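Work through the following exercises with the sequence and the structure at hand. Each task is followed by a stepwise solution.

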Amino acid sequence: MDQRLFYLLNSARQRVYNYADQQTEKGLDISVTQLGALLLIAGNEGCLLKDVARGLHLNNSALTGLANRMIQRELIERRPCEKDGRAGRLYLTDRGRQKIEAAKPLIRQFNDTMSAGFTAEEMQVVYRFLNHLVDDF
């Protein structure tokens, strides 16, 4: 069994991301990154672009292109910020909300597939480990 932790984490992240992206493209006609953005916006309607960029770990310029594509596809809309005329706030459209609802079974499937063969106790260790990495690095 390979014990190169950094290599395994990087390889696993890439494979899981590619798998999820293929499934969301096939099943929802959106990318996994677009789904992530929809979920972040749903949790914080009216958020700023920089909030989504931080949540997705993307730079602002990459997120600007992503947001523009999502606006063109009528998944989200940008409204002017009352406090700062240069900034725009992001809101879900009805189509964006429909994509989130359609994604819920797919997200459950992702989680079930990733945790298959592990006990509940083992998954608690996995969750603790991953949260440690997220919180401490």
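The exercises treat a cavity, a pocket and a helix contact in turn.

The model is predicted, so that local features need pLDDT of at least 70 and side-chain atom pairs count only at pLDDT 80 or more, whereas totals for chains, interfaces and linings use all residues. Residues are numbered from 1 along each chain as its sequence is written, and side-chain values use heavy atoms, without hydrogens and water.

**Exercise 1. Describe the largest cavity and its lining.**

Step 1. On a 1 Å grid over the protein atoms alone, a cavity is a set of points where a 1.4 Å probe fits but cannot get out, and lining residues have an atom within 4 Å of a point. A search of the whole structure yields one cavity of 30 Å³ or more.

Step 2. The volume of the largest cavity is about 40 Å³, a volume being the space filled by probe spheres set on grid points joined across faces, edges and corners.

Step 3. Its lining consists of A37, I41, L49, V52, L63, L66, A67, M70, I76 and L90. Two or more of the lining residues come from each of α2 (32-43), α3 (49-56) and α4 (60-72), with the largest share, four residues, from α4. Helices are DSSP runs (H or I, at least four residues) numbered from the N terminus.

Step 4. By class, the lining has 10 nonpolar, no polar and no charged residues. Here Ala, Val, Leu, Ile, Met, Phe, Trp, Tyr, Cys and Pro count as nonpolar, Asp, Glu, Lys and Arg as charged, and the others, Gly among them, as polar.

**Exercise 2. Characterise the largest pocket.**

Step 1. A pocket is an open set of points with protein on both sides within 12 Å along at least five of seven lines. The largest pocket holds about 2,100 Å³ of space.

Step 2. Of its 39 lining residues, A12, R13, V16, M114 and L130 are the closest to the centre.

Step 3. α1 (5-28), α2, α3, α5 (94-115) and α6 (120-136) each give two or more residues to this lining; α1 gives the most, with 12 residues.

Step 4. The pocket lining comprises 27 nonpolar, nine polar and three charged residues.

**Exercise 3. How do α2 and α3 cross, and which residues meet?**

Step 1. The axes of α2 and α3, as lines fitted to C-alpha atoms over the stretch in contact, come within 10 Å and cross at roughly 125°.

Step 2. α2 is therefore oblique to α3: angles under 35 degrees count as roughly parallel, over 145 as roughly antiparallel, 65 to 115 as roughly perpendicular and the rest as oblique.

Step 3. T33, G36, A37, L40 and I41 of α2 meet V52, G55 and L56 of α3, contact being heavy atoms within 4.5 Å. These residues divide into five nonpolar, three polar and no charged.

Key: Axes fitted to C-alpha atoms, helices over the stretch in contact; angles between N-to-C directions.
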